[in-house]
Amino acid sequence: MTDLLLYGHPDSGHACKVALALRLAHLPHRVETVDIWAPPETRQPAFLAANPASEVPCLMIDGVPHVQSGAILIEIAERFGVLGGGDAARMRRGLEILFWEANRIGMCVPQLLAAAKDAGDFPPDVIRWLKNRYAADCARFDLYLGQAPFLHGPEPGIGDCAVWGYTQWLDRAGLAPTGAMADWLERMRALPGMAAPEVLFPA
Ligand SMILES: N[C@@H](CCC(=O)N[C@@H](CS)C(=O)NCC(=O)O)C(=O)O
C-alpha cells in the first residue's frame, strides 16, 4: 500500500484542499501539523529536508515530496483514479476548475481573510479591488456550477476540493456566498469525510 504523509496546518486552505481530497477518496494517510506561524527554520527537520520552500501542503508519497496544492490534487486524482482521475472528461473539468481557482478565488479570498484579521495592512483601494474580483468570481462560480450539485457534476472531484479550500471561510473574510454557492457549501459540509480544519490538522 502507498505510504502517504501530509504536512499541513489548520489555517492553510491550500493544505485543507489536499486533506479533504485524501479523505473523500478514502486514502489512508498520516498527517503532521507544521507551525506555519513559527519561523521556517524552526519547523520539523524532516519537513524542511523534504520541502526547502517550507510551505504547506507537502504530501509525501512513498517518501517522495509533492508540493503545490493544485499539482498534488492532480497527482492524487491520476495516480489513484479518484475524484475525476480515470475519466478524461471529469479530469479535464478538474484541471479547468483548479486553474481558475488558483488564479481567482484562491487569490482574492485568502487576501481578504488576511485583511479581515489585520485591516491596517491593506489600503482601502486594494480591498475594493479584491472585493470586485470576488464579485466576478461569484458570477463565474454560479456559471460553472450550473444546476449540478458539485463542480464536477453529480459527485465531487478535485475541483470541488480546490474551491472548498478558502470558500469554507467566506464569513471570516467578511464575504457573502451567492445562493448557489451557499447551497454547494452546505453539500460540501455534509460530505462523509468532511472535517473541520482543526480535525484535519490537530495541534
Ligand atoms: N501555491 C501554494 C501556496 C502554499 C502556501 O502559501 N502555503 C502557506 C500556507 S497557506 C505556507 O505554508 N506559509 C508558511 C510559509 O510560507 O512560511 C499551494 O497551492 O500549495
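This passage describes the domain division, the sheet with its helices, and the domain interface of a predicted model.

The protein chain is divided into domain 1, which comprises residues 4-83 together with 194-200, and domain 2, which comprises residues 88-189. Taken over C-alpha atoms, the centres of domain 1 and domain 2 are separated by 20 Å.

An open sheet of four strands is found, with mixed pairing and the strand order β2-β1-β3-β4. The edges of this sheet are occupied by β2 (30-33) and β4 (64-67), each of which has a single partner strand, so that one side of each is left without a neighbour in the sheet. From one strand to the next, the twist averages 25°. Strand β1, formed by residues 4-8, pairs with β2 in the parallel sense, and four bridges connect the two. Within this pairing, Y7 has E32 of β2 as its bridge partner. Helix α1 (residues 13-24) packs on the sheet, where contacts are made with β1 and β3 (58-61), and the direction of α1 makes an angle of about 150° with that of β1. Helix α3, spanning residues 69-80, lies across β1, β3 and β4, and runs at about 120° to β4.

Two backbone features occur in the loops that flank β3. Most residues other than glycine have a negative phi, and most peptide bonds are trans. Against this background, the peptide bond that joins V56 and P57 is cis, with omega at about 0°, and P57 is placed in the loop between α2 (45-50) and β3. In the loop between β3 and β4 lies D62, a residue other than glycine whose phi is positive, near 50°.

At the interface of the two domains, 19 residues of domain 1 are in contact with 19 residues of domain 2. The area buried between domain 1 and domain 2 amounts to about 1500 Å², and carbon and sulfur atoms give 72% of this area. On the side of domain 1, the residues that lose the most area to domain 2 are K17, L83 and M194, which together account for 37% of what that side buries.

Polar interactions are also present between the domains, since the count between domain 1 and domain 2 is four residue pairs in polar contact, with both residues at pLDDT 80 or more. With regard to the elements involved, α1 and α3 each supply at least two residues of the side of domain 1 that touches domain 2, and the largest share of that side, seven residues, comes from α1.

Side chains of opposite charge can pair when their charged atoms come close. A search of the whole structure finds five salt bridges, and across the interface of domain 1 and domain 2 one salt bridge is found. The side chains of K17 and E101 meet in a salt bridge, with an N to O distance of 2.8 Å. Because K17 lies in helix α1 and E101 in helix α4 (residues 88-103), this pair ties together parts that are 84 residues apart in sequence. K17 thus appears in two descriptions of the model, as one of the residues of domain 1 that lose the most area to domain 2 and as a partner of E101 in a salt bridge.

Technical notes
Residues numbered from 1 in each chain as written. Predicted model: local features only at pLDDT ≥ 70, side-chain atom pairs only at ≥ 80, totals over all residues. Heavy atoms only, no water. Pairing = 2+ DSSP bridges. Axes fitted to C-alpha atoms, helices over the stretch in contact; angles between N-to-C directions. Contact = heavy atoms within 4.5 Å. Domains from an automatic or database assignment. Buried area = accessible area lost by both parts, 1.4 Å probe. Salt bridge = Lys/Arg side-chain N within 4 Å of Asp/Glu carboxyl O. Polar contact = N/O pair within 3.5 Å; in protein donor to acceptor, adjacent residues only side chain to side chain.
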